[in-house]
Amino acid sequence: MLARHQEPIVAIATAPGRGAVGIVRVSGRKLGPLVHVLCGRELPPRHASYLPLRDASGEPLDHGLALHFPAPHSYTGEDVLELQVHGGQVVLQLLLARCLEAAAQIDPATGQAVLPGLRLAQPGEFTERAFLNDKLDLAQAEAVADLIDASTEAAARSASRSLAGAFSKEIGVLREALIQLRMLVEATLDFPEEEIDFLQKADAQGQLTRLQAQVAAVLQHARQGSLLREGIKVVIAGQPNAGKSSLLNALAGAELAIVTPIPGTTRDKVQQTIQIEGVPLHVVDTAGLRESGDEVERIGIARAWTEIEGADVVLFLHDLTRATRVDYQQADAQIAQELAQRVPARVPVLDIWNKADAAAPQSEGLSLSAKTGAGLQTLRQQLLQTVGWQAAPEGVYIARERHVQALHRVQSQLVLAEAHLMARAQSLDLLAEELRLAQNALNEITGAFSSDDLLGVIFSRFCIGK
């Protein structure tokens, strides 16, 4: 019985819906017999052949292109058959069913099924095969999904660079430097009677220092890549009629939220994703924060606090036209106190003063006008600076939060390693262990060392057929 990752798989590889072209993809070992049954003849490797694709009775389901990619020169590293037909869902489902039917049919030459065990692919299973067959490492495999899901041009270009191996190459350089340092330490442990101090002669301290600097540089790029992929959740909060909905509309460049002078107009969150310098910003407008006797408004305010607590940045919006009123100041102070209690310390809260077109700007915080657009560009740049975004050079690659966390662990292990190195002979065993753990953290990024649970989580989020 074949292991799960060795079973032949088939799926519709194009998105649901109507389109000019649809693709059914098969991957497995020794697809030759299936190719012959489905296409009526052998196919030249890696060449498109136009032909009828027939059902079991010989009637054509459609006419289209068939391409056979013999292993190992394919996306998955196995034999791959791609059938390109017209992109209607009925046609694709019929062709998918025909593939399964043809695979189960008995081959007269062998007396066995044409392709035993062919089954429907799970989400991400084609890319998982590519990873398992060393066609891609794990970071590159994740970049496939990131390229598909990219919401900005900058994110797409960065994902493409990661798919081409830019990020993996950086990790490989770190790994080689770490292995070199581990070799020196292990040599010292294995030959303690030698008079030569391997670590001092090989400048182990200098190597460790340079390695720490390299990790810091890669981590900075990874943070930038993570911002491109994940984006930033920006929540606009404040009293009713401070202009929160107007600010959302101004940032989005569209009338998304209802704007009226009536307090409490916004009863639920309104969200829009925009981009600034290629970085996705998920901007959320929330209900005005106040005491209310309206049950629906109270629910909206409770939801507003939920959004605020999950934000990456909170824009605390104030109304310049009411800034001198004592009751308004007291209500703002109460909101500020609650923000301090409920918002995590790592999340910045920016004071923004709106309606600068109708009142004098404040000396503290940022003054703007959602109505005229004055100050919006300053706000955009301040948002990017607050989350640590730097103007993206051409070499930025996409990265995920798990990559960033793994690099943080590498940094922590190297700090501990440096302490043990300073202690020299008394802590060389501990030094070796910290370096080993640092290497394991690097290996998790590319999949050289990874758990089955991690692989399951990663590939289950892919689309079916990819």
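This note reviews the predicted model in numbered points, from overall dimensions to sheets, helix pairs and local backbone features.

1. Basis of the values. In this predicted model, local features need pLDDT of at least 70 and side-chain atom pairs count only at pLDDT 80 or more, whereas totals for chains, interfaces and linings use all residues. Residues are numbered from 1 along each chain as its sequence is written, and side-chain values use heavy atoms, with hydrogens and water left out.

2. Overall dimensions. The protein has a radius of gyration of 29 Å, while a compact globule of 466 residues would have one near 23 Å. The radius is taken over C-alpha atoms, and the globule rule is 2.2 Å times the number of residues to the power 0.38. Along the principal axes, the C-alpha atoms fill a box of roughly 90 × 80 × 40 Å. The protein contains 15 helices and 14 strands; these are DSSP runs numbered from the N terminus, with at least four residues for helices (H or I) and at least two for strands (E).

3. The sheet containing E1. An open sheet of 6 strands has the order E3-E4-E5-E2-E1-E8, with mixed pairing; two strands pair if DSSP finds at least two bridges between them. Strands E3 (49-54) and E8 (119-120) stand at the edges with a single partner strand each, so one side of each is left without a neighbour in the sheet. At one edge, E8 pairs with strand E1 (residues 9-12) in the parallel sense over 2 bridges, and leucine 120 in E8 is the bridge partner of valine 10. At the other edge, E3 and E4 are antiparallel and share 6 bridges; here proline 52 has histidine 63 in E4 as its bridge partner.

4. Helices on this sheet. Helix H2 (residues 89-104) lies across E1, strand E2 (19-28), E3, strand E4 (60-69), strand E5 (79-87) and E8, and runs at about 150 degrees to E5. Helix H3 (residues 125-132) lies across E1, E2 and E8, at about 135 degrees to E1. Angles run from 0 to 180 degrees between N-to-C directions, and axes are lines fitted to C-alpha atoms, for helices over the stretch in contact. Contact means heavy atoms within 4.5 Å.

5. The sheet containing E10. A further open sheet of 6 strands follows the order E10-E11-E9-E12-E13-E14, again with mixed pairing. Its edge strands, E10 (270-276) and E14 (366-367), each pair on one side only. E10 runs antiparallel to strand E11 (residues 279-285), and 7 bridges join them. Valine 270 stands opposite aspartate 285 in E11, and isoleucine 276 stands opposite valine 279 in E11. Helix H8 (residues 204-230) packs on the sheet, where H8 touches strand E9 (232-238) and E11 and makes about 50 degrees with the direction of E11.

6. Helices H4 and H5. Helix H4 (residues 138-149) packs with helix H5 (residues 153-163) at an angle of about 155 degrees, their axes being 8 Å apart. H4 and H5 are therefore roughly antiparallel to each other; angles under 35 degrees count as roughly parallel, over 145 as roughly antiparallel, 65 to 115 as roughly perpendicular and the rest as oblique. Gln140, Ala143, Val144, Asp146 and Leu147 in H4 meet Ala156, Ala159, Ser160, Ser162 and Leu163 in H5. The residues of this contact comprise 6 nonpolar, 3 polar and 1 charged. In this division, Ala, Val, Leu, Ile, Met, Phe, Trp, Tyr, Cys and Pro count as nonpolar, Asp, Glu, Lys and Arg as charged, and the others, Gly among them, as polar.

7. Helices H10 and H11. The axes of helix H10 (residues 295-309) and helix H11 (residues 326-342) come within 10 Å and cross at roughly 50 degrees; H10 and H11 are therefore oblique to each other. Trp305, Ile308 and Glu309 in H10 meet Ile335, Glu338, Leu339 and Arg342 in H11. This contact divides into 4 nonpolar, no polar and 3 charged residues.

8. Local backbone features. The peptide bond from alanine 71 to proline 72 is cis, with omega near 0 degrees, and proline 72 lies in the loop between E4 and E5. Lysine 30, although not a glycine, has a positive phi of about 55 degrees; lysine 30 lies in the loop between E2 and helix H1 (32-39). In the hairpin of E10 and E11, with 2 residues between the strands, glutamate 277 takes a positive phi near 55 degrees. In the hairpin of E3 and E4, with 5 residues between the strands, glycine 58 takes a positive phi near 95 degrees.
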